[in-house]
Amino acid sequence: MPEQLIWGMEVFLNGLMSGVLYALVALGFVLIFKASGIFNFAQGVLALFAAMTLVGIMDGQVPFSNLINAVFGTEIYSFGWHVPALAAILLTMVVMVALAWAVNYFIFRHLVGQEPIILFMATIGLAYFLEGFGDIMWGADIKNLDVGLPQGINATIDEVTYNIFGYGFFIDNLDLWATAVAALLVIALVIFAQYSKHGRAMRAVADDHQAALSVGVSLNFIWVMVWSLAGFVALVAGIMWGTKSGVQFSLSLIALKALPVLMLGGFTSIPGAIVGGLIIGVGEKLFEFSVGPMVGGATENWFAYVLALIFLVFRPQGLFGEKIIERV
Amino acid sequence: MKQRLMATALAAAMAAGPALADLTVVDTSYRTGPYAANGIPFSDGYQDYFTLLNERDGGIGGEKINLVECETGYNTEKGVECYEATKGEGGGALVYQPLSTGITYQLIPKATADGIPLHTMGYGRTSAKNGSVFKWVFNYPANYWDGASLAVTHILNQEGGDISGKKIALVYHNSAYGKEPIRTLEELAKKHGFELTLLPVDHPGQEQKSQWLQIRRERPDYVLMWGWGVMNQVAIQEAVNIRFPMDKFIGIWWSGSENDVKAAGAKADGYKALTFHNLGSDYPVYDDIQKYVVDAGKAAGAGDQIGTVLYNRGMYAAVLAAEAIKTAQEMSGVSAINSEQMRDGMENLEMTDAKMAALGLPNFGPEFTVSCENHGGNGYGAVSQWNAEAGEFELITDYYQSDQEIISKLVVEDSKQFAEENGIEPRC
């Protein structure tokens with residue numbers, strides 16, 4: 001088999017894995033957009049905040065320690081304990097639910113019925129607020145995140161592919177874990193949305209706020225629930241990305257990777273986010289592999305957005321999005 | 001009653017406002033944003049040294065230093081806003097240290113027009129080394145092109161002086177900063193016969209799978225890196241993942257701080273980075289910083305960054321600025337110097353081993369002299385290596401000089417072109 005083809009297969013597989021990571025971020029956007037029509041600009045910052053909180057809890061860091069020390073002249077930085085990863089993840093979820101409640105209570109409950117652009121602007125404000133709040137709460141330093149996920153080349157795949165092709169494929173163990181977690185997450189979310197009482201209520205709110213209210217669905221409860229779910233998805237995305245690069249401000253920029261995925265998959269479809277992520281991941285990696293060397297490289301972001309643009313022209317609702325027809 | 005109120009208000013304003021100092025130094029810092037983790041230690045070091053001089057020596061030459069901090073978030077527009085907002089502070093800013101190549105490029109024409117010197121230590125526009133064209137810009141003690149040459153010289157030393165036929169890949173931030181060493185490396189590739197592969201990484205650098213798969217396929221003998229922020233951490237993690245030998249992975253000095261290697265854990269052991277100053281906190285000056293600044297509650301940050309690579313670099317930048325102020329005071333006979341006199345002081349700066357030892361920093365940085373023709377120092381640097389067990393970078397070479405034969409030629413070519421485009425008559 002030609003060398004280029006074998007390498008292309010390796011690139012393809014790695015593209016799939018990258019696509020899963022992009023989809024993880026896109027999922028959070030979809031959840032909130034589906035239930036409330038809000039394009040949540042703060043989704044990337046939610047991932048950062050969730051990951052910072054997780055590391056802070058695991059390391060026993062005192063929240064707001066710099067502020068407390070500056071005001072009271074103390075020297076308190078750590079509780080001196082280490083919380084196991086699973087317990088810390090659960091505690092972080094509690095924090096994310098509290099954040100969801102606060103976001104709804106202080107911001108969105110006051111904006112019911114406002115234009116989508118107003119809601120979007122509110123999420124921009126929320127993003128900036130959370131960036132600063134996270135810094136004050138946990139500090140701006142780079143934090144190591146180790147919840148026990150393995151990293152590095154998968155030896156089995158390396159060996160098997162070497163025996164078949166004479167070239168061992170590189171697949172990162174962390175990416176394999178991310179794929180498994182993403183698959184479970186999507187299955188759970190789909191089951192929740194289709195078969196649970198609250199899931200059906202969420203879909204009802206998504207279809208028509210007024211109609212859902214008229215049959216006794218609590219808009220406030222659904223929005224808090226959806227923001228909590230988005231917070232959970234953000235936590236998962238934050239763990240996967242943060243394990244690789246350390247938890248730091250740049251995590252918030254992973255939202256940039258989700259935008260073309262959303263344009264492709266549609267803003268309202270959970271499977272769309274996954275398929276869109278896979279297409280973008282594979283497409284950009286193969287493009288970089290085949291065309292990149294001819295044009296100086298660094299084509300991935302360009303390719304992702306150009307592909308999204310093409311979809312916007314020919315299928316504005318995305319692959320799986322709902323076609324919105326507004327009649328006068 | 002009204003007069004008493006006015007007097008009280010005036011007294012309060014004088015007490016709360018900036019000191020009526022004549023030596024204004026602006027710290028365009030970034031404590032927020034994607035590069036905050038690097039901006040904080042540099043800024044802490046820069047400010048703490050000036051605070052030390054104020055607290056221990058009463059300032060410089062009897063004049064207190066008025067330190068003004070302005071947050072740029074590593075954003076070029078904000079950096080320019082900071083410059084415009086602070087250049088008139090306290091009778092006029094003496095010097096700017098933008099810590100950003102993007103901001104530097106925007107400030108070069110502005111600072112030149114305003115007559116305020118820029119010190120872009122180890123970053124910025126490399127050809128600003130030619131002081132006859134760039135009158136107001138200084139990039140001593142070393143620049144990117146020195147860095148590229150120092151890395152290749154280190155590889156030459158590792159390979160017994162012959163690297164013909166070897167493959168060297170450059171993984172770089174796809175920006176003005178990351179592209180700076182390319183021309184020098186191309187010249188060095190011609191001279192030494194190695195094959196150069198260029199691998200750009202888009203901002204912010206969170207995703208580098210393609211670049212590292214290519215490295216795994218092509219198996220270069222060495223990988224050089226021009227990264228900043230998250231790009232460094234991800235690159236080192238990806239190198240670990242593909243099992244690239246760490247001792248053949250060499251970063252520029254902006255890819256060589258503790259922040260960059262810690263995320264990859266023990267497997268980052270052996271990673272190398274260039275430096276133009278020494279490491280650690282085993283210097284007498286740190287005892288004074290602890291006593292007069294940190295213990296006195298006057299540290300710029302939490303006091304937990306002392307001795308880290310970027311804290312040391314920020315402090316070294318402040319040392320060089322302070323020594324230039326002293327030189328300017330001696331030259332002009334005036335203690336309250338202005339920005340033009342500061343520029344003269346920078347252009348006549350001479351850093352010797354004896355001077356560094358007297359400052360409590362023996363063997364901390366290389367000796368160099370600045371002149372009208374040479375605003376960039378002598379291009380000396382060293383190689384450091386990460387010791388994961390000890391949790392610190394260690395210097396593994398002495399200071400050595402970059403390939404001046406190639407770099408001088410490139411500096412002249414580039415600065416000549418800039419002079420022609422901007423109608424600048426070389427001064428010397």
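What percentage of the 328 residues in chain A is made up of buried residues? In this predicted model, buried residues account for 46% of the 328 residues of chain A. The sections below describe chain A, its contacts with chain B, and the domains of chain B.

The secondary structure of chain A consists of 14 helices and zero strands. Along the sequence, the elements accordingly read α-α-α-α-α-α-α-α-α-α-α-α-α-α. The radius of gyration of chain A is 21 Å, close to the 20 Å given by the globule rule for 328 residues, so chain A is as compact as a globular protein of that length. The C-alpha trace of chain A spans about 65 × 60 × 40 Å along its principal axes. Of the contacts in chain A between residues at least 6 apart in sequence, 73% join residues at least 24 apart.

The association of the two chains was examined next. Contacts between the chains involve 33 residues of chain A and 34 residues of chain B. On the side of chain A that touches chain B, two or more residues are given by each of α1 (3-36), α10 (219-245), α12 (270-290) and α14 (300-314) of chain A. The largest share of this side, five residues, is contributed by α1(A). Classified by residue type, the side of chain A that touches chain B comprises 12 nonpolar, 13 polar and eight charged residues.

Chain B was then considered in terms of its domains. The domain assignment of chain B yields domain 1, formed by 11-142 + 280-378 + 409-422, and domain 2, formed by 144-275. A distance of 28 Å separates the C-alpha centres of domain 1 of chain B and domain 2 of chain B. Between these domains, 15 residues of domain 1 of chain B are in contact with 20 residues of domain 2 of chain B. The elements of chain B that supply two or more residues to the side of domain 1 that touches domain 2 are α2 (36-57), α4 (101-114) and α12 (309-332). Here α4(B) provides the largest share, three residues. The side of domain 1 of chain B that touches domain 2 of chain B contains nine nonpolar and six polar residues, and no charged residues.

Conventions. Residues numbered from 1 in each chain as written. Chains lettered and ligands numbered in written order. Predicted model: local features only at pLDDT ≥ 70, side-chain atom pairs only at ≥ 80, totals over all residues. Domains from an automatic or database assignment. Contact = placed C-beta atoms within 7 Å. Helix = DSSP H or I, 4+ residues; strand = E, 2+ residues; numbered from the N terminus. Nonpolar A, V, L, I, M, F, W, Y, C, P; charged D, E, K, R; others polar. Rg over C-alpha atoms; globule rule 2.2 N^0.38 Å. Buried ≥ 20, exposed ≤ 12 C-beta atoms within 10 Å, placed from the backbone.
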